[in-house]
Amino acid sequence: MKIKPRHLVFLTVLWGALQAQDFGWKALSEDGLHDPENPAIELLQQPAEAMSQLPPDTVGNKVLWNRAMREQYIQPRTNIFPETKIEVIDMDIIMDKTGEMPLVLFPHMPHTEWLDCSNCHDQIFVRKVDANPINMFAILSGQYCGQCHGAVAFPLTECNRCHSVPRSTFTGKPGVQDSRN
Ligand code: HEC
Ligand code: HEC
Ligand code: HEC
């Protein structure tokens, strides 16, 4: 492959993402949120100890959050106000503008178990297949999937968690997939 300037930009941003990957939970006295002088800080559990009980990930913040929820290690409160409507949808979307990489599968289910539709629609993504000019450079610059992945969700160096569908085995059409049985 001939290296073009836009590849260099891509590689520079990717290198930045790799550097940002070194992650450890800070002690409460060093997190900039808790008052280290307050004697009550002794009563609180340290994050590293609390997180060590959850299913471990090798990257990012070192916890497989979807598994932690599915296997009921944690049961996050879904709403503050009783009238808030919770909506979980099972809709997978296949994206095929991935060059030579495997196709991207975006699953609504695990996202809507954590997030409200309004977290993504329509500020980050217009609610229509193929209506968003998503590309890897924009993602690495913190747009689209990169608003969360690399920040609070698993890092962008985990290519295959998004690019999870090999071109050779995919015979359907990109876009919304028929719901799984
Ligand atoms: C958080 C999900 C996610 C991760 C992680 C991810 N990608 Fe992507 N990637 C996408 C999406 C979404 C697209 C756009 C697909 C579309 O619009 O059809 C894309 C597009 C691409 C493209 C197409 C060309 C371009 O510039 O957009 C390439 C090549 C690519 N990704 C490579 C990678 C590599 C290499 C990695 C790992 C270093 C990676 N991706 C990690 C989601 C991701
Ligand atoms: C984490 C972000 C995220 C959340 C949260 C989210 N979506 Fe989406 N949604 C997407 C993406 C990405 C697409 C595909 C956009 C594209 O292909 O350009 C999409 C596409 C859609 C589409 C278009 C399907 C079509 O036929 O064109 C609908 C409808 C939709 N979402 C409904 C919802 C609803 C309802 C919720 C809440 C229950 C929700 N979404 C939550 C990211 C999200
Ligand atoms: C608003 C925040 C947000 C956006 C935007 C977002 N994600 Fe996520 N995503 C999450 C969170 C939170 C999780 C669960 C925590 C984790 O796995 O790190 C997650 C998990 C995932 C998973 C793993 C699902 C599983 O079953 O474990 C995939 C795959 C994924 N995202 C792909 C994408 C792709 C592709 C895009 C862009 C088209 C995207 N996400 C955009 C927040 C987001």
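Two strands count as paired if DSSP finds at least two bridges between them. With that in hand, let's walk through this model.

## What you are looking at

This is a predicted model, in which local features need pLDDT of at least 70 and side-chain atom pairs count only at pLDDT 80 or more, while totals for chains, interfaces and linings use all residues. Residues are numbered from 1 along each chain as its sequence is written, and chains are lettered from A and ligands numbered from 1 in the order in which they are written.

The chain's secondary structure amounts to seven helices and three strands. Here helices (H or I, at least four residues) and strands (E, at least two) are DSSP runs, numbered from the N terminus. Following the sequence, you meet them in the pattern α-α-α-β-β-α-α-α-α-β.

Of the chain's 181 residues, 8% count as buried. A residue is buried if 20 or more other C-beta atoms lie within 10 Å of its own, exposed if 12 or fewer, and partly exposed in between, with C-beta atoms placed from the backbone. Among contacts between residues at least 6 apart in sequence, 48% join residues at least 24 apart; a contact means that the two C-beta atoms, placed from the backbone, lie within 7 Å.

## The three-stranded sheet

The three strands form an open sheet in the order β2-β1-β3, with antiparallel pairing. β2 and β3 (175-176) stand at the edges with a single partner strand each, so one side of each has no neighbour in the sheet.

Strand β1 (residues 92-95) is joined to β2 by four bridges, and the two run antiparallel. Within this pairing, I93 has F106 of β2 as its bridge partner, and I94 has L105 of β2. On the β3 side, β1 pairs in the antiparallel sense over two bridges, and I93 stands opposite V176 there. I93 therefore links to F106 in β2 as well as facing V176 in β3, in a sheet where edge strands β2 and β3 each have a single partner.

## Around ligands 1 and 2

Now for the ligands. A residue belongs to a ligand's surroundings if its C-beta atom, placed from the backbone, lies within 6 Å of that molecule. Ligand 1 has 22 residues around it, the closest being M95, K97, N135, C159 and C162. The elements that give two or more residues to this shell are α6 (136-140) and α7 (159-162). By class, the shell of ligand 1 has twelve nonpolar, six polar and four charged residues. In this scheme Ala, Val, Leu, Ile, Met, Phe, Trp, Tyr, Cys and Pro count as nonpolar, Asp, Glu, Lys and Arg as charged, and the others, Gly among them, as polar.

Ligand 2 is surrounded by 20 residues, and E87, C117, C120, V129 and N132 are the closest. α4 and α5 are the elements giving two or more residues to its shell. The class breakdown for ligand 2 is ten nonpolar, six polar and four charged residues.

## Around ligand 3

For ligand 3, N66, C145, C148, A153 and F154 come nearest out of 22 surrounding residues. The elements with two or more residues in this shell are α3 (65-70), β2 (104-107), α4 (108-112), α5 (117-120) and α7. Of these, β2 gives the most, with three residues. The shell of ligand 3 is made up of 16 nonpolar, five polar and one charged residues.

## Loops and backbone details

The loop between α2 (47-51) and α3 holds K62, and S52 sits in that loop too. K62 has a positive phi of about 70 degrees although it is not a glycine, and K62 counts as partly exposed because it has 15 C-beta neighbours inside 10 Å. S52, with 12 C-beta neighbours inside 10 Å, counts as exposed. S52 and K62 are ten residues apart along the chain, and their C-alpha atoms are separated by 9.0 Å.

The loop between α5 and α6 is worth a look as well: D122 lies there, and so does D130. The peptide bond from H121 to D122 is cis, with omega near -5 degrees. D130, which is not a glycine, has a positive phi of about 70 degrees, and with 13 other C-beta atoms within 10 Å, D130 is partly exposed.
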